[in-house]
Amino acid sequence: MAKFIVRRFLLLLLTMFLVSIAVFLISEASPGNVAKNVLGAFITPEQEASFLAQMGLDKPVATRYLYWLVGSDWHARHKIGLPLKRVTTPRGFEEWWAVNRQGELTRWMLDGDNLVAIIRTADGKTLKRVDNRRWHTDAKGRQRFWGVDRQNHAVLWEKGNRRKVWTFIVGAGWKKTSGGPISYIPLKKGFLRGDPGVSLRTGRPVAKSLFVRLRNSLVLAAIAFVIVMPLALLLGVIAGLKEGSFQDRFLSIGGMMFSVVPEFVTGIFLILIVAQWLKLVPGATVFGEKAPWTRPDMLVLPVLTLTLIELGYVLRITRASMAEVMRTPYIRTAFLKGLPYRKVIFGHAVRNALIAPITVIMLHVNWLLGGIVIVEVVFGYPGLGAYLLDSALYKDVNALEAGTMIMVMIAVGTQLAADIIYTFLNPRIRYS
Amino acid sequence: MIQRQATNENVPESAGNGAAVSRFLDGGWRKTKNAAVLLWASKTAMVGLLLVVFWVGTALLAPYVTRYSPTEQDWKAPNQGPSIHHILGTDELGRDLWSRLAYGARIVLVILPVTEKFWIPGGTAIWGVFASLLLGAALGLVSGYRGGWIDEIIMRALDAMMSIPIILLYLIIVAAIGASAVNVVLAIAIVGTPGVARLVRGLTLDIRTRDYVRAAETRGEGILYILFVEILPNAKGPIIIDAMLRVGYAIFAMGTLGFLGLGLPPPSPDWGSMVAKGREFILSGSPWAALWPAVAIASLVVGLNLLADGLREEAMRYQ
């Protein structure tokens, strides 16, 4: 058993690794780029190149994948020659600083031909001093310097190089400066060290947005799950009790209809009927910065949509399992030896009939995830699925990778859990 | 629904049912009559058949049952409810909703628009299923017949693919290769392949032990002959039933992709994107543009499933 779990766990890691490579390559091969998606179609080629360079997207794919996976700070540190440190400011921003020989946190900026060091003191203030000693001359006689700039990049400056740089500042537009760096390495710790990087679309750390989105999605899924499970199992047992009866046909055909119709169609029907026609609850979710549970009325329709779709599926499995159990010899025996109906059903039938659905449901998380993505889009719910969709459309590869990894982890992880639970529920099964 | 095939592949059961149904579906007049009797016996299958026939008929006859072209705009009558001029109403550009639905059915079931000017027969959903059948059958046959490390590699790779949430697969594939009918076919094919491969592999494992395969091996037939002449024709029953359900998944997938903005590019009358566009006008009081395409998708998918379910049930009863 332990061997089985370890093997499956390694397989999970392998799957994640392969998927992460696949996502990287696919988003690489696809047309368009993030600069055009974020900044609009009318940017000049220079602006585009400048944006891509600042994001580190001008590097080869292999390098970018490596940076994403294990981080870029070790590489940058090698170039700069000073240790790098990530600090979180009191206002919640993450900043990279180099630690100089005196143990001071340092960044640099260029002021004409002068190199200015920005020192961060212990109380969070900064002071500037000219630091021209750091220029060093390379074989071709150019004066160059690798340092950390103020936007969390490791950068290469060259003295006298009047390279133009466009920085896009949200709200302020383009800022054009000259004397910019020649090369950028965006500093990050890498996915394996718990830092999925910065969203190329919003400029915010992916981990922060993702945490909120994941929480919202989990709230939605958990509520739906709590409602669906007892209801579907109950209705499934009722339908399976008497195969072919009216309630069986009604429940199984009804369940089938809800489970085969696409989620967005069910969602649209519910919006039209409940929100638009009966005007009972709002037909969209608007939370802003607040948590979803502060507006329970807005949760009603998304949860109902998910519930209807899942209900049909679980119901049909429970029904099949129950019907099968009702045909077994031990149920007949129980009836023949004169046990009361209720005792046969609850004591013998239901317990055996629930083994299959419970494991199948765990396997079904894969589908639930798909349903959640659509439901989130239909209702504008700020969850993981909507985030993933936006990231995929914008080619925001950092956000896309992080979201994908979480989804794969959930899907494969629950499949593993289902296999393990199954051995407990059904002792006849052994994994070797 | 799309995801079910990934998680709950019940090979033995569907194999049994499929064999029974295929016995009815296999050519010959007597068998056709049997199938008709079977259908007639099941009310649900009848309802399913009616829905499917309605949409297939509409799709085939789209130019004859509509008064407007699907892209003709009537600027004076945007976002209208049903009326004499427009039976189902109009969308935000004043295009006739019934025309768009009928031509949308055409894209799903009857034609595959390769470029704007050029199309080939066979609907987008049909081609998607067909491509996944081709790919999946080839992989499953080789994997099941050869066994050993080839089997191991193919199956592990497909397992890994199946463990990725399907919606994610769609997102990544279509976001990467761009939105067009051919790419939707590709996405449906890629996502459907692992399921078909598993089914075919299971059937192949069973069939390869039969005497006629032994005989072919002894005769010294090549592997291609054995796979495609000996094994595949004997596995076709369950594959046909599976394909029927897969058309349902494919329509589901097409709708979902269209809704997410990853389907056919506008102004194609794509049901999913019609819902997505119409949704914006629900709040301003014109629900029709979102309602009708949603009804269309629901009725076609439910019809297909009722038909497949009813057929399978009746076939089992008479088995």
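Visitor: What percentage of the 319 residues in chain B is buried?
Guide: This is a predicted model, in which local features need pLDDT of at least 70 and side-chain atom pairs count only at pLDDT 80 or more, while totals for chains, interfaces and linings use all residues. Residues are numbered from 1 along each chain as its sequence is written, chains are lettered from A, and ligands are numbered from 1, in the order in which they are written. A residue is buried if 20 or more other C-beta atoms lie within 10 Å of its own, exposed if 12 or fewer do, and partly exposed in between, with C-beta atoms placed from the backbone. For chain B, the buried portion of the 319 residues is 54%.

Visitor: How many helices are there in chain B?
Guide: Helices (H or I, at least four residues) and strands (E, at least two) are DSSP runs, numbered from the N terminus. Chain B has two strands, whereas its number of helices is 15.

Visitor: How many residues of α14(B) are buried?
Guide: The buried residues of this helix include B:W271, B:M274, B:K277 and B:R279. The helix α14(B) is mostly covered, and of its nine residues the number buried is nine.

Visitor: Which element gives the most to the side of chain B that touches chain A?
Guide: Two residues are in contact if their C-beta atoms, placed from the backbone, lie within 7 Å, and here 39 residues of chain B meet 43 residues of chain A. Several elements of chain B give two or more residues to that side, among them α1 (2-7), α8 (148-163) and α13 (236-259). With nine residues, the element that gives the most is α15(B).

Visitor: How many nonpolar residues does the side of chain B that touches chain A have?
Guide: Ala, Val, Leu, Ile, Met, Phe, Trp, Tyr, Cys and Pro count as nonpolar, Asp, Glu, Lys and Arg as charged, and the others, Gly among them, as polar. Besides ten polar and three charged residues, the number of nonpolar residues on this side is 26.

Visitor: Are α10(A) and α11(A) roughly parallel or roughly antiparallel to each other?
Guide: The axes of α10 (residues 329-336) and α11 (residues 341-353) of chain A come within 10 Å and cross at roughly 155 degrees. Such axes are lines fitted to C-alpha atoms, for helices over the stretch in contact, with angles from 0 to 180 degrees between N-to-C directions. Angles under 35 degrees count as roughly parallel, over 145 as roughly antiparallel, 65 to 115 as roughly perpendicular and the rest as oblique. The relation of α10(A) to α11(A) is therefore roughly antiparallel.

Visitor: Which strands are the edge strands of the sheet β1-β2-β3-β4-β5 (chain A)?
Guide: This open sheet of five strands has antiparallel pairing, where two strands pair if DSSP finds at least two bridges between them. The edge strands each pair on one side only, and they are β1 and β5 (126-130) of chain A.

Visitor: Which residue in β2(A) stands opposite A:V87?
Guide: The strands β1(A) and β2 (residues 94-99) of chain A run antiparallel and are joined by five bridges. Opposite A:V87, in β2(A), stands A:E95.

Visitor: Does A:R86 count as exposed or buried, or as something in between?
Guide: A:R86 lies in strand β1 (residues 84-88) of chain A, and it touches A:E94 and A:W96, not counting residues up to four places away in sequence. Because A:R86 has 14 C-beta neighbours inside 10 Å, it counts as partly exposed.
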